[in-house]
Amino acid sequence: MEPVNTDVAEDARTADPAGADPTDAESSAVPTLGEILLAVEELWPESLAEDWDEVGLVAGHPSSEVSKVMFAVDPTLDVIEEAIEWGADLLITHHPLLLKGVTSVAATTAKGKAVHRLIESGTGLLTVHTNGDSAVGGVSDVLADALGLQDVVPLTPAPNGLPEEGIGRVGDLEDVMTLGDFAARVFGILPSVAGGVRVSGDKDALIRRVAVCGGAGDSLFNEVRASNADLFVTADLRHHPASEARENAVNDRPYLIDVSHFASEWLWLPAAAEALGNVLSDQGHDVDIRVSTTNSDPWDFILTPGGD
């Protein structure tokens, strides 16, 4: 799999600010994993996770020191090897490794091998999933901001959160755009993946109000319609939900844009790395944080018909 090829990926790391006083290093300290967990809880509280989700610490001892942290979308074997090769003490991924129950972590399976590699290398694994979706500055907030949406509110407010927390976001563009031009904007901000961007609707149709959901969002069509969005941008749109949404459209709205699950959530990683770095720095901790450059999108190439 080719690495993520974006400038943001190369720059998405936190280090000592340029020009910092060398004496500051004497007062900084390497945090423990337990202290990292407290910072993560401050940014992405576990109380915001959906009931079905499995978030939090998967591997690692809270008393271990953490000087290097890597962010990634998926805890795949390739990502884990990248983290180990860099010397990461902690890997923070958006997707869980063990979302469904298992009866064995023998190294004869991919998940078992992942657990063994993490423990044997002394690399911790922490999952920030739907709590990272729902929190302020989370996955959908970052996507909405990158697309130029204003006056953004959640599609589904979090039961245990603030009014601005919840799954999905909806907001307005500063100016009306055609669906075709906006689709090009979507394509331009996402990492390059085989699946590209799929659009349902007239490319010359005018849009202004846009709903977004990083990751799979086809369970939110009722909320999207209630928000009066002209367009819904999300990932993993299946045939039947998408077809039914088009059949139930009012004045052809909402139009649909379907993107890569991985790509839609990757945008959050640099923002998350920066946010964690800022919290830890404010607490006097010295941690090197970077974003994985491994493209964990499962598709390698696509064949499409010719034409416009």
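Helices are taken as DSSP runs of at least four residues, numbered from the N terminus. On this basis Trp266 is found in helix H11, which covers residues 261–266. The model is predicted, and its overall dimensions, salt bridges, backbone features and surface charge are described below.

The secondary structure of the protein comprises twelve helices and twelve strands. Along the principal axes, the C-alpha atoms fill a box of roughly 60 × 45 × 40 Å. For a chain of 308 residues, a compact globule would be expected to have a radius of gyration near 19 Å, and the value of 20 Å found for the protein agrees with this. Of the 308 residues, 46% are buried.

Trp266, in helix H11, has a relative accessible area of 2% and is therefore buried, the cut-off being under 20%. Between the C-alpha atoms of Trp266 and Leu155 the distance is 20 Å, with a sequence separation of 111 residues. A second aromatic residue, Phe221, is found in helix H9. Phe221 has a relative accessible area of 6% and so is also classed as buried. The C-alpha atom of Phe221 is separated by 31 Å from that of Gly306, a residue 85 positions away along the chain.

Six salt bridges are found in a search of the whole structure. One of them is formed by Asp141 and Arg169, with 2.8 Å between the closest N and O atoms. Asp141 belongs to helix H7 (residues 139–146) and Arg169 to strand S7 (residues 166–178), so this salt bridge ties together parts of the chain that are 28 residues apart in sequence. Asp141 and Arg169 are both buried.

Another salt bridge pairs Asp258 with Arg198, and here the closest N and O atoms are 2.5 Å apart. Distant parts of the chain are linked by this pair, since Asp258 lies in strand S11 and Arg198 in strand S8 (residues 198–200), 60 residues apart. The relative accessible area of Asp258 is 10%, which places Asp258 among the buried residues.

A further salt bridge is formed between Asp230 and Arg253, with the closest N and O atoms at 3.1 Å. Asp230 is located in the loop between helix H9 (221–226) and strand S10 (231–235), and Arg253 in the loop between H10 and S11; the pair therefore ties together parts 23 residues apart in sequence. The two partners fall into separate accessibility classes: Asp230 is buried, at 15% relative accessibility, whereas Arg253 is partly exposed, at 25%.

The loop between H10 and S11, which holds Arg253, also contains Pro254. Arg253 and Pro254 are joined by a cis peptide bond, for which omega is about 5 degrees. Asp252 lies in this loop as well, between helix H10 (239–247) and strand S11 (255–259). The phi angle of Asp252 is near 70 degrees, a positive value in a residue other than glycine. Positive phi is also found at Asp151, likewise a residue other than glycine, with a value near 50 degrees. Asp151 is placed in strand S6 (residues 149–157). With a relative accessible area of 66%, Asp151 is exposed, while Asp252, at 47%, counts as partly exposed.

Asp252 also contributes to the surface charge: together with Asp181, Asp202 and Asp204, Asp252 forms a negative surface patch. Membership of a patch requires over 30% relative accessible area and no salt bridge. The 47% relative accessibility of Asp252 is therefore sufficient for the first of these conditions.

In the loop between H10 and S11, several of the features described above thus occur at consecutive positions. Asp252 has a positive phi angle and takes part in the negative patch. Arg253 forms the salt bridge with Asp230, and the cis peptide bond connects Arg253 to Pro254.

Note on methods
Residues are numbered from 1 along each chain as its sequence is written. This is a predicted model: local features need pLDDT of at least 70, side-chain atom pairs count only at pLDDT 80 or more; totals for chains, interfaces and linings use all residues. Side-chain values use heavy atoms; hydrogens and water are left out. Patches are made of residues with over 30% relative accessible area and no salt bridge: like charges are joined within 9 Å, nonpolar side chains (Val, Leu, Ile, Met, Phe, Trp, Tyr) within 5 Å. Accessible areas come from the Shrake-Rupley method with a 1.4 Å probe; for residues, only the protein chains shown count as cover. A salt bridge is a side-chain nitrogen of Lys or Arg within 4 Å of a carboxyl oxygen of Asp or Glu. Lys and Arg count as positive and Asp and Glu as negative; His and the chain ends are not counted. The place of a charge is taken as NZ of Lys, CZ of Arg, CG of Asp or CD of Glu. Helices (H or I, at least four residues) and strands (E, at least two) are DSSP runs, numbered from the N terminus. Buried means under 20% relative accessible area, exposed over 50%, partly exposed in between (1.4 Å probe, protein chains only). The radius of gyration is taken over C-alpha atoms; the globule rule is 2.2 Å times the number of residues to the power 0.38.
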